[in-house]
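Got the viewer open and a selection box ready? Let's walk through this one stop at a time.

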Amino acid sequence: MVRICIDIGHGGSDTGACYKGRKEKDDNLKLGLAVSKELRRHGILVDETRTTDITLSLEERSNFENKKKYDLFISFHRNAFKPEQANGVETFTYINQTLKAKNLAHKIQKALVGVGFTDRGVKKANFHVLRETKAPAILIEVGFLDNAKDNQLFDSKFDEIVKGISKAVLDEIGIKYEEYSQPEILYRVMAGSYSNKENAERQVERLKKAGFDAVIMPYKA
């Protein structure tokens, strides 16, 4: 069975990039966990270097990956330069990259550019987590945290970003991406989103008119 290591960059006292109260460590965690969930939905074994707001050294991250045999290692980050002076997405592989890492990097880069990010290209780098891990490894910089346009894309197209990355990963390992069923879509829209039953039922009626199955899902009490 395929096993993937998801490295969620920064965390704890290591905030990563910061801009107007926004912290890279939080965006990395949100995105990394969402992609992990999508991959698990397709039967992939996924381990994350962190699932909460904790501090990890680079050595702890590579040691985590080296304890098991993984098919892929994917590190999630967001970029920063000077406020509002740079934007776009870029994906990194190690200097001596494997064909699998190269292929995955190009697939993910294409998916994120398709969401609307400026294409900064696939690049090579001597990053620790790319150099010291055994599996084919990539590092994604999902837009610039100090750029309003990229943050707007990250927030408004979040589900598309998750789907794009997940589809690229699944394609590389030969697994077809499966869309959510109608009841699953209802659950994603409904669960925990409404403070009272009336609002929840109103949303169900709207979805029924759009052609979804009439399934009453739990609302947030």
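Before the first click, a word on burial: a residue counts as buried under 20% relative accessible area, as exposed over 50%, and as partly exposed in between (1.4 Å probe, protein chains only). Keep in mind that this is a predicted model: local features need pLDDT of at least 70, side-chain atom pairs count only at pLDDT 80 or more, and totals for chains, interfaces and linings use all residues. Residues are numbered from 1 along each chain as its sequence is written, and side-chain values use heavy atoms, with hydrogens and water left out.

**Whole chain**

Start with a cartoon view. You should find 8 helices and 8 strands; helices (H or I, at least four residues) and strands (E, at least two) are DSSP runs, numbered from the N terminus. Of the 221 residues, 47% are buried. Switch on the surface and you get about 11100 Å² exposed, with carbon and sulfur atoms supplying 51% of it (Shrake-Rupley method, 1.4 Å probe; for residues, only the protein chains shown count as cover). Now contacts, meaning heavy atoms within 4.5 Å: among those with a separation of 6 or more, 78% are between residues 24 or more positions apart.

**Select Phe73**

Phe73 sits in strand β5, residues 72-79. Is Phe73 buried or exposed? Phe73 is buried, at a relative accessible area of 0%. Leaving out residues up to four places away in sequence, Phe73 touches Cys5, Asp7, Glu65, Val129, Thr133, Ala135, Pro136, Ala137 and Ile138. Draw a distance from Phe73 to Ala135: their C-alpha atoms are 5.9 Å apart, though 62 residues separate them along the chain.

**Select 99-115 and 158-172**

These are helices α3 and α6, whose axes come within 9 Å and cross at roughly 155°. Axes are lines fitted to C-alpha atoms, for helices over the stretch in contact, and angles run from 0 to 180 degrees between N-to-C directions. On that angle, α3 is roughly antiparallel to α6; the cut-offs are under 35 degrees for roughly parallel, over 145 for roughly antiparallel, 65 to 115 for roughly perpendicular, and oblique for the rest. Show side chains for the contact, including Leu104, Ile108 and Leu112 of α3 and Ile161, Ile165 and Val169 of α6. The contact residues divide into 9 nonpolar, 2 polar and 5 charged, where Ala, Val, Leu, Ile, Met, Phe, Trp, Tyr, Cys and Pro count as nonpolar, Asp, Glu, Lys and Arg as charged, and the others, Gly among them, as polar.

**Keep α6, add 24-41**

Residues 24-41 form helix α1, which packs on α6 at an angle of about 50°, with the axes 9 Å apart. That makes α1 oblique to α6. The α1 side of the contact includes Leu31, Ala34 and Val35, and the α6 side includes Phe158, Ile161 and Ile165. Here the split is 10 nonpolar, 1 polar and 2 charged.

**Two loops to finish**

Most residues other than glycine have a negative phi. Which phi does His10 have? The value is near 65°, which is positive. His10 lies in the loop between β1 (3-8) and β2 (18-19), and counts as buried at 17% relative accessibility.

Then jump to Lys20, in the loop between β2 and β3 (22-23). Lys20 also has a positive phi, about 50°, although it is not a glycine. Lys20 is exposed, with a relative accessible area of 73%.
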